[in-house]
Amino acid sequence: MKSQGCSKWVRTLRASEHAKNPFRVILGLAAVLFAGCATTQEISLEAPTFPPSYVHEVYGIEVLNSDGEILDHPFHGGLNLPRPQFVDIDGDADLDLFVQELTGYVKYFENTGSATDPSFTWRSDQYRNLDVGEWYRFVDLDQDGDYDLMGETPFSYVRLFRNEGTPTAPSFSAPLDSLRDAEGVPLFMDRQNIPTITDLDCDGLLDLFIGRVSGTVLHYESIGSDDSGLPRFALVTNRFEDIEIVGMFATLHGANALTFHDVDNDGDEDLFWGDFFEAGVLLIANTGTCADPNLRNEPIAYPPDDPVKTSGYNSVLFADLDGDGDSELLFGVLGGAFNPNTSAAENFYHLDRTPDGYTLKTKTLLSGIDVGADSYPVFADLDGDGDQDVLVSNKISAQDFETGEIFYFENISDSGTLRWQQREPLDIGGHYNLAPAIADLDADGDLDMLVGTWNKGSLYFRNDGTPSTPNFVLDESNTVTLTRGSNSTPALVDIDADGDLDLFIGESSGDLNFYLNNGGPNAPKFDLVSDKFEEIDVGRRSVPRFADLDGDGDQDLILGREADGVVLYMNQGTAQAPLFVESGTLPAPFPILAVPAFIDIDNDGDLDVFSGGLGGGLLFFRNTQH
Amino acid sequence: MIRKSSVSFALLFAAITGPALAQSMPGVFSHEVLPIIQEKFQPLLERETGLTLESWETLMAGSDHGEVVIPYDSDGSLLIRLATQLSSEDPLSMHAAHISEEDLSTVRSWIERGAPSDDGDIAYSDASNLLYACIQGAAQLTVIDMDANLVIRTIDLQELGFTADSRPHHVAVEPDGSAFYVSLIGDDAVLKFNRENELIDQVAFERPGMLVVNPAGHQLFVGRSMKAVNPPQRIGIIERESLDLEELDVFFPRPHALAIDPTGTYVYVGSLAENRMATVDYASESPELQSIEGDTHTLVQFAVSPDGQTMVVGGQLTGEFFFFDTSNPATPTLVESIKVGMAPWHPVFSPDGSVVWFGNKMGNRATVVDIAERAVVATVEGLSEPHGAAISPDGRTVYISNNNLNGAYHGRYTWQDGYLPGAIAVIDSESREITRMLEVGPNPTGLGTR
């Protein structure tokens with residue numbers, strides 16, 4: 001069903017018109033008025049109070065896990081496929097942390113502790129705004145004593161950001177042209193294969209190693225620089241040490257991540273291999289010398305006495321984080337052939353070196369709110385204590401692959417300190433991509449839920465408990481299904497100020513569905529008005545939210561989506577007769593699969609925003625207007 | 001018998017297809033080319049049993065092993081490769097030294113003009129049963145005449161502006177053979193070619209993998225390849241006429257295996273990263289998920305029987321082969337699985353639906369499974385990392401591509417720099433014997449035929 005051309009409820013004026021020429025908005029409105037839409041309201045010509053000003057804060061609210069332990073980085077947004085590297089980027093003699101989660105972005109955590117007692121503090125989600133493509137490596141490529149940055153030029157070539165600063169004050173150049181081989185041909189490396197660089201044979205020349213999907217390794221060696229100063233590499237062999245990683249069956253269709261480290265302290269570097277088809281980490285020992293390496297040895301699962309095992313595709317590194325003189329084993333789990341759902345939340349391993357081997361310290365080196373993938377926050381007073389708690393649902397459980405989950409963080413703030421603590425998840429499941437909308441739908445004084453799902457519509461869970469002890473019971477008779485598509489994301493709002501809650505539902509296609517409540521406040525009956533509400537299409541994965549962002553007493557429409565931020569439709573009508581005007585995007589770096597949730601968390605009179613996203617965590621954008 | 005087109009027919013299209021058709025040069029072959037081949041090249045061709053150099057027809061008919069000349073592709077023609085690329089370790093290489101640059105140039109030039117007959121005929125111009133093979137290691141597509149079982153054309157993607165690492169991976173063909181589609185996993189694109197092998201359109205698509213044409217509709221469906229750390233969890237739905245693209249979320253990571261039911265209503269998608277598949281009613285944008293028990297299987301590729309009653313898929317890591325009852329295409333039901341050995345790759349049904357063929361990638365063999373018995377009834381040894389599979393319309397011949405990255409197939413020649421050619425195995429479906437190995441460029445992968 002298409003929306004009517006002249007809806008009673010809303011009009012959409014294009015943001016581009018609004019932004020480029022406000023008079024065109026007026027003309028546009030005049031055109032609508034003259035077209036005979038008698039109920040259309042005049043828009044306010046006063047200057048809006050927008051845009052708000054947001055600051056991304058990783059900290060600011062104390063969050064405890066279910067065991068009462070403080071999460072170090074509660075609002076880093078979650079990690080699904082971390083590619084970490086430790087580098088002393090600021091020359092202060094301790095190791096800083098870089099983590100790539102998304103294509104093009106490297107997060108930077110400065111070590112604000114010490115070389116023996118590190119404390120990582122989030123500084124940026126994209127270090128120096130450098131776009132690294134699908135992978136990155138810090139390495140002193142020009143051997144001038146500071147770290148340069150290598151990354152991918154799409155697709156599958158190599159870009160270099162030369163550090164033109166100093167070891168203590170790095171300054172990176174614009175990306176230089178692709179690295180090339182001795183013949184001037186750009187180096188090609190499949191973008192899913194993360195290379196490594198080291199001076200393996202101790203000849204003063206850097207060696208570049210690229211794993212191939214065939215399980216073999218390309219070996220290049222530096223031959224200096226070209227006229228523009230770009231390093232050049234000559235191919236040494238396309239079958240380095242005749243290495244060919246072949247698992248029990250095939251590995252010929254995969255991806256890998258390589259690193260070298262002298263794990264046995266014998267003066268030469270050993271090779272570590274993570275692979276899409278390998279649940280653990282493989283060690284190929286170097287039984288030669290530094291000057292004459294020999295890696296013609298069988299790969300073994302590492303550590304040999306207790307091999308690690310994950311969902312696969314592990315990106316390994318070693319670092320002495322506690323300054324005790326030995327290197328600890330760390331790796332990010334990118335998720336390979338062994339069900340990445342299991343590692344969507346626990347995927348940054350840290351194993352401490354001991355005389356007897358390794359001891360697992362954590363699977364979440366950067367602890368934060370992380371429910372897996374596709375986090376979906378919603379605020380509500382779930383325990384009836386007068387403050388807003390937060391539910392964060394996910395795509396799929398890490399343990400039960402037949403359901404998603406709804407995690408519950410209770411607001412336990414006291415005077416002056418914002419604090420949440422994770423409690424038992426809600427006992428609601430059996431479906432994926434749970435997307436709750438919470439309100440008192442039957443006017444009995446407690447909160448009910450309408451829960452969107454991956455492909456079973458929006459399910460009505462009536463609260464048969466009390467405001468402080470809810471008991472959500474599925475009422476299948478009131479399921480709201482989409483006319484087509486998946487990923488129902490409901491939002492309840494009294495859009496016509498008639499005293500009952502109406503319903504908007506986003507979906508995978510990016511369209512918006514509108515249902516009018518023709519039942520009333522205690523027995524809602526949602527009748528579909530349009531499954532392409534006002535022809536709004538935000539791309540993919542629309543998530544409607546409503547909030548009075550400009551304080552004018554009516555509800556504005558905010559739409560999360562898969563990419564390119566959160567879209568605003570300011571209500572320039574009234575509470576009774578809204579008129580949504582496309583008004584650009586919210587000025588904050590929302591993640592992929594953005595799911596905004598608005599709340600005045602600091603009680604300063606303006607609405608702050610939390611966002612779920614692909615990473616499974618939450619991002620906190622504090623509104624700094626007040 | 002060599003099927004050919006006349007010069008007049010060729011010239012009719014010359015303005016469109018450029019070098020794809022010959023110029024009329026009466027007598028050139030007989031007077032200038034054939035004598036050189038007979039005198040200078042013949043010693044190089046001693047292993048090409050069955051080849052006679054009596055005429056243009058016999059030359060273009062090739063040997064027992066396949067073609068020696070590919071029209072328009074001198075670099076890919078065995079004749080030229082023997083003269084220029086043999087390793088010095090190969091005893092035949094001594095004969096190459098006796099071929100002058102001038103003679104070589106004459107023959108090259110003739111091949112680049114399409115290797116025409118004296119009358120200007122171009123061999124296999126009217127071939128009707130075509131097999132398309134992706135040559136992933138050389139940014140090429142190879143066209144095989146399934147009646148002659150010869151390579152008859154080469155499409156060089158670099159000449160069309162794509163990169164050397166464009167990596168054509170899979171191919172799907174229009175039901176009437178009027179066009180075909182190719183996924184480039186290195187250049188992130190899906191290409192459309194017409195039957196004359198002209199590139200007529202393309203669409204950008206991140207990490208495309210398997211392709212399937214809707215036989216009852218106008219869509220092309222596209223899965224994802226491995227070539228990204230985390231490719232989108234969506235399939236592509238491309239309108240074949242316009243190449244307009246939409247993407248549909250299928251919930252799970254790395255959607256790879258892909259098939260469609262014969263009615264064109266349901267698309268089946270399988271994951272490389274978890275034991276899960278989706279049945280997608282694409283019209284309603286509504287996928288239904290389904291889990292498969294057991295260890296991580298890594299579903300490589302589906303095939304649906306011609307009558308639509310059965311679907312099969314192999315598990316790369318477990319070597320299990322699954323049978324689904326698809327009599328209700330909306331709800332495929334797993335009815336049985338059997339062990340079929342290492343890494344079952346792309347399956348293909350015989351036209352009568354009685355058996356399904358596939359290569360065991362790490363087993364260097366092909367396997368034949370009887371659908372009624374749900375049992376392995378034969379294996380064919382002698383392959384080398386078999387990948388794609390196709391079958392001729394009459395069901396008599398099975399084709400399986402061989403990556404041969406490990407060199408298990410040695411071929412008849414030793415090439416410079418240890419070059420390992422790929423190969424397309426031509427298998428008699430009755431005797432289940434390999435009748436010839438067509439040597440092609442490196443790392444052939446997906447095969448497609450109408």
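**Entry 1: a term to start with**

I count two residues as in contact if their C-beta atoms, placed from the backbone, lie within 7 Å. With that in hand I turned to chain B and took its contacts with a separation of 6 or more: residues 24 or more positions apart account for 50% of them. I note here that I am reading a predicted model.

**Entry 2: chain B as a whole**

I looked up the secondary structure and found six helices and 30 strands in chain B. Next I asked myself what radius of gyration chain B has. The value is 22 Å, and a compact globule with 450 residues would have one near 22 Å, so the two agree. I also noted the span of the C-alpha trace of chain B along its principal axes, which is about 65 × 45 × 40 Å. Of the 450 residues in chain B, 56% are buried.

**Entry 3: two helices in chain B**

I picked out helix 2 (residues 28-41) and helix 6 (residues 101-112) of chain B, which pack with their axes 10 Å apart. Their angle is about 125°. Angles of 65 to 115 degrees count as roughly perpendicular and those over 145 as roughly antiparallel, so helix 2 and helix 6 of chain B are oblique to each other. The crossing of these two helices of chain B is left-handed.

Which residues make the contact? From helix 2 of chain B I listed B:Val28, B:Phe29, B:Glu32, B:Val33, B:Ile36, B:Ile37 and B:Lys40. From helix 6 of chain B I listed B:Asp103, B:Thr106, B:Val107 and B:Trp110. Sorted by kind, the residues of this contact between helix 2 and helix 6 of chain B are seven nonpolar, one polar and three charged.

**Entry 4: one serine in chain B**

I then zoomed in on B:Ser401, which I found in strand 27 (residues 397-402) of chain B. Is B:Ser401 buried or exposed? I found 33 C-beta neighbours inside 10 Å, and a residue needs 20 or more to be buried, so B:Ser401 counts as buried.

I left aside the neighbours of B:Ser401 within four places in sequence and looked at what else it contacts. My list has B:Ala133, B:Pro386, B:His387, B:Gly388, B:Gly422, B:Ile424, B:Pro444, B:Thr445 and B:Leu447. I checked one of these partners by distance: B:Leu447 is 46 residues from B:Ser401 in sequence, and the two are 7.2 Å apart in space, C-alpha to C-alpha.

**Entry 5: chain A as a whole**

Moving to chain A, I counted two helices and 41 strands. The radius of gyration of chain A is 27 Å, close to the 25 Å that the globule rule gives for 626 residues, so chain A is as compact as a globular protein of that length. I wrote down the box that its C-alpha atoms fill along the principal axes, roughly 85 × 55 × 50 Å. Buried residues make up 51% of the 626 in chain A. Among contacts in chain A between residues at least 6 apart in sequence, I found that 46% join residues at least 24 apart.

**Entry 6: one threonine in chain A**

Where does A:Thr469 lie? I found A:Thr469 in the loop between strand 29 (458-463) and strand 30 (472-480) of chain A. A:Thr469 has 11 other C-beta atoms within 10 Å, so it is exposed. I also compared A:Thr469 with A:Pro591, which is 122 residues away in sequence and 33 Å away in space, C-alpha to C-alpha.

**Entry 7: where the chains meet**

Last, I looked between the chains: 34 residues of chain A are in contact with 31 residues of chain B. On the side of chain A that touches chain B, I noted 15 nonpolar, 15 polar and four charged residues.

Terms used. Residues numbered from 1 in each chain as written. Chains lettered and ligands numbered in written order. Predicted model: local features only at pLDDT ≥ 70, side-chain atom pairs only at ≥ 80, totals over all residues. Helix = DSSP H or I, 4+ residues; strand = E, 2+ residues; numbered from the N terminus. Rg over C-alpha atoms; globule rule 2.2 N^0.38 Å. Buried ≥ 20, exposed ≤ 12 C-beta atoms within 10 Å, placed from the backbone. Nonpolar A, V, L, I, M, F, W, Y, C, P; charged D, E, K, R; others polar. Axes fitted to C-alpha atoms, helices over the stretch in contact; angles between N-to-C directions. Parallel < 35°, antiparallel > 145°, perpendicular 65-115°, else oblique. Left-handed = near helix turned anticlockwise from the far one by under 90°.
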